[in-house]
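Dear colleague,

Please find below the structure I promised to pass on to you. My notes on what was found in it follow directly after.

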Amino acid sequence: MTQPDRDSPLYLGWEYATPYADPGPPPRRPVPQERPQLSGDWLAAQRREEKLINRPQKIIVAVTVGIAVALGACVAGGLVRPILAAPTIAILLLAAALAGGAIWQGERLLRVRIEAERQRVERFRADQEGQLFAWQAEHARRVTQWQQQRFAFETQKRWFAVPVPDGIDRVDVAGGTLSGWSALLTMVAAQRLAMGGEVTVIDLSGGAVAADLVDLSAAAGGIDPAVWVLPRDLPRLDLASSLSRTELADVLALSVSVAEERTSARELAVDSAILDRVMGTLEGGGGDEGGKGGGDEGGKGGGAVSLGRVAAALRALAQVGDVRADVAAGLLTEREAAAVAALYGQGATDRVVLERALGIEAQLRKLATAGRETADRPRGRLRVVAIDKRVGPLSAKLLGSFVVTTLTHLAGRVPAGGGPTSWRHTLIVLGAERLRDDVLDRLTDACESARTGLVLAYRSVPPPVRQRIGRGNAAVAFMRLGNAEEAKAASEQIGSEHRFVVSQLTDTVGTSVTDTLGGSYTSTAGDSVSAASSTSDSESTSDGTGYSRTPGAGVMPLGGGRSRSGQTGTSRGTSESVSLTAGISTSTAWGESTSRATGDSESLARSLQRSRELVVEPSELQRLPVTGMIVSYAAPDGRRVLFADANPAIGALRVSTLTSLPEMKEMTEVNGWNETNETNETDDVNESLLRPNLGPPPPRPDWRRGRQS
């Protein structure tokens with residue numbers, strides 16, 4: 001068998017978060033600028049300007065040369081004497097030479113400027129290309145980083161387990177539908193059972209909330225769930241057989257007072273005293289003359305008196321019916337009948353004893369068969385005690401109070417221990433609003449003293465329950481609240497300043513799983529009471545004799561009860577516990593709905609990446625997803641409020657982890673953006689996926705197209 005992990009916490013659900021933010025679109029590729037060229041317009045302007053500057057010199061050259069040529073022609077024609085024309089021609093040619101030199105100097109300076117501009121353009125072009133290469137290298141680095149962040153974002157863990165922190169003794173669940181409770185119960189109990197722990201479920205809701213958990217445990221193997229459906233299985237429920245006479249009297253008196261809605265401490269004390277005295281006479285007179293059905297029980301000490309015999313003694317005390325019929329049936333002996341008749345003297349009929357004996361017997365007869373046909377079966381790690389939905393409200397209240405009060409007394413026997421609460425043994429009560437406030441107070445006090453983990457689920461939140469939710473070291477989980485007044489009170493308790501992120505997967509699965517669970521319990525203690533077409537094959541027998549039986553402890557997950565010796569026949573490996581959690585995805589309504597919502601990688605990515613914001617308002621609490629809940633508890637750094645999904649099938653997704661979100665944030669702070677070592681290893685393995693985005697650049701956008709259109 002799997003060894004229980006004492007240090008493992010209780011997991012309530014899954015918290016959706018994305019430690020890695022979406023990196024957004026990939027970095028834009030650097031667009032190369034136009035290659036700088038020597039501007040033709042600039043050249044034309046320079047030449048045009050040079051022409052304008054040289055125009056006077058050119059005119060001077062033309063005029064002086066023209067005059068010199070004319071004088072030369074005149075000298076040749078004899079019109080002008082050479083001695084007179086020679087100086088003039090020399091001066092004119094000198095002026096033309098000076099003007100031509102100025103023109104040549106300007107042209108040379110123009111060529112220098114053009115060459116300098118050409119070199120400047122070449123240098124700018126080289127600088128631009130170097131900058132482009134640097135931009136491309138930086139772009140390649142940023143693309144690689146973006147691909148790493150994108151890969152980490154897409155493959156990161158998005159669902160983190162929500163454990164009950166240390167110091168929390170109890171979990172109060174307020175509101176919820178039957179489907180939501182079934183998901184939460186499977187989430188809580190499956191993890192406990194997979195880790196080798198024990199779970200006891202008291203289902204007072206009448207909705208077969210634990211039916212899927214029982215079927216899942218039976219199919220997984222190695223769990224052997226035990227199911228009692230009351231009142232059908234009362235004869236096989238040996239819950240009270242280990243109580244002492246005083247404890248049993250207290251249990252019965254409190255159960256009867258709850259059914260009759262008697263809250264006076266005096267009335268409760270009177271009922272307890274009557275029952276104690278009546279059972280005292282049975283114990284004193286039944287040892288030697290026990291009848292067929294109760295002689296052996298009457299001879300036992302302490303609380304070995306059957307409830308049927310107590311009811312018969314009350315009838316004898318109230319003088320109801322024929323005592324001889326009870327004697328013939330073996331419920332009483334003649335000596336016991338005489339002792340009961342003389343218990344309060346001859347004037348008993350004139351006292352309050354007669355009225356109370358009649359009232360107690362009227363309620364106790366519904367429990368008369370309890371423990372009559374105890375089956376000697378091995379102690380299972382999953383035990384379910386449920387009230388049949390066909391039972392009337394008064395009988396359901398009596399049966400529920402009897403079971404819970406008896407468990408309270410058994411828990412009170414455990415010595416008070418120190419240290420944190422152990423969730424290895426977990427007690428879950430569904431429909432706790434049907435219990436009276438003093439019964440709830442006794443149960444919570446006993447479990448807190450015994451350091452036993454307790455989960456109380458309230459379908460509705462009336463004022464007495466509202467006063468007790470979250471009291472003490474308790475975590476509160478608010479599920480869907482249909483009543484507007486209850487939703488308003490819950491929103492005030494949570495605080496309207498909180499904002500939560502709800503994954504699309506939570507909404508999708510919540511709409512596909514309805515409140516019609518489609519099944520009922522199959523008793524493992526006797527004949528089947530289920531009307532469903534499929535039955536559970538979870539009943540098993542032991543071939544060995546390595547079990548020792550302690551009366552009455554087959555239900556309570558505490559130290560008493562049947563003990564398993566070291567000579568048990570076969571042992572099952574840890575693979576059966578693994579199959580328990582793996583079977584959630586294939587054999588539960590949440591697993592099937594989750595599989596449909598995440599059937600392929602595209603659907604998984606779409607459902608995981610889409611989310612919405614939830615604001616704490618009464619209207620939002622009235623339409624929470626079926627498996628959604630707002631969890632609130634006290635933490636060392638203040639009160640922590642979070643939104644969780646109780647869907648147990650989320651644990652089968654590759655993006656879920658049993659690491660809590662605060663632990664993951666601590667790891668992120670230590671390792672930077674590398675959330676776990678697995679990310680680094682994955683980056684090395686998938687190096688081909690992270691190649692730089694290099695290649696030909698995209699075409700440049702043309703702004704003129706927008707103007708032309």
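**Salt bridges and what surrounds them**

Asp250 is buried, with a relative accessible area of 17%, and the acidic side chain of this residue forms a salt bridge with Arg442, in which the closest N and O atoms are 2.9 Å apart. The two partners come from distant parts of the chain, with Asp250 in helix α5 (residues 245-260) and Arg442 in helix α13 (residues 437-450), 192 residues apart. Arg442, for its part, counts as partly exposed at 32% relative accessibility. Please keep in mind while reading that this is a predicted model.

A second pair involves Asp438, which forms a salt bridge with Arg436, and here too the closest N and O atoms are 2.9 Å apart. Asp438 is partly exposed, with a relative accessible area of 25%, whereas Arg436 is buried at 13%. There is also a network of salt bridges, in which Asp437, Asp441, Arg468 and Arg471 are linked.

What separates Arg118 and Glu115 along helix α2 (residues 82-155)? The two residues are about one helical turn from each other, because they are three residues apart in that helix, and their side chains meet in a salt bridge with an N to O distance of 3.1 Å. Both ends of this pair are partly exposed, Arg118 with a relative accessibility of 36% and Glu115 with one of 37%. For the structure as a whole, the number of salt bridges is 27.

**The protein overall**

The secondary structure consists of 24 helices and 16 strands, and of the 709 residues in the protein, 48% are buried. If one takes the contacts between residues at least 6 apart in sequence, 82% of them join residues that are at least 24 apart. The exposed area of the protein is about 34100 Å², of which carbon and sulfur atoms supply 52%.

**Helix α1 and the surface patches**

Two surface patches deserve a look. In one of them, Arg47, Lys51, Arg55 and Lys58 gather as a patch of positive charge on the surface, and Arg55 is found in helix α1 (residues 40-77). The other patch is nonpolar and is formed by Ile59, Val63 and Ile67, which together have about 240 Å² of accessible area on the surface. Ile67 also has its place in helix α1, and this residue is partly exposed, with a relative accessible area of 38%.

Is Gln46, by contrast, buried or exposed? Gln46 is buried, with a relative accessible area of 13%, although its place, too, is in helix α1. Leaving aside residues up to four places away in sequence, Gln46 touches Leu110 and Arg113.

**Backbone details to check**

Most residues other than glycine have a negative phi, and most peptide bonds are trans. The following places depart from that pattern, so I list them for your inspection.

- Leu230 and Pro231 are joined by a cis peptide bond, with omega at about 10°, and Pro231 is found in the loop between β5 (226-230) and α5.
- Ala208 has a positive phi, near 50°, without being a glycine. The residue has its place in the loop between β4 (198-203) and α4 (211-220), where Ala208 is buried with a relative accessible area of 9%.
- Arg451, which is likewise not a glycine, has a positive phi of about 60°, and its place is in the loop between α13 and β8 (452-458).

**One further pair**

Finally, Ala338 lies in helix α10 (residues 334-341) and counts as partly exposed, with 47% relative accessibility. The C-alpha atoms of Ala338 and Thr281 are separated by 9.4 Å, while the two residues are 57 residues apart along the chain.

With best regards

Technical notes:
Residues are numbered from 1 along each chain as its sequence is written. This is a predicted model: local features need pLDDT of at least 70, side-chain atom pairs count only at pLDDT 80 or more; totals for chains, interfaces and linings use all residues. Side-chain values use heavy atoms; hydrogens and water are left out. Helices (H or I, at least four residues) and strands (E, at least two) are DSSP runs, numbered from the N terminus. Buried means under 20% relative accessible area, exposed over 50%, partly exposed in between (1.4 Å probe, protein chains only). Contact means heavy atoms within 4.5 Å. Accessible areas come from the Shrake-Rupley method with a 1.4 Å probe; for residues, only the protein chains shown count as cover. Patches are made of residues with over 30% relative accessible area and no salt bridge: like charges are joined within 9 Å, nonpolar side chains (Val, Leu, Ile, Met, Phe, Trp, Tyr) within 5 Å. A salt bridge is a side-chain nitrogen of Lys or Arg within 4 Å of a carboxyl oxygen of Asp or Glu. Lys and Arg count as positive and Asp and Glu as negative; His and the chain ends are not counted. The place of a charge is taken as NZ of Lys, CZ of Arg, CG of Asp or CD of Glu.
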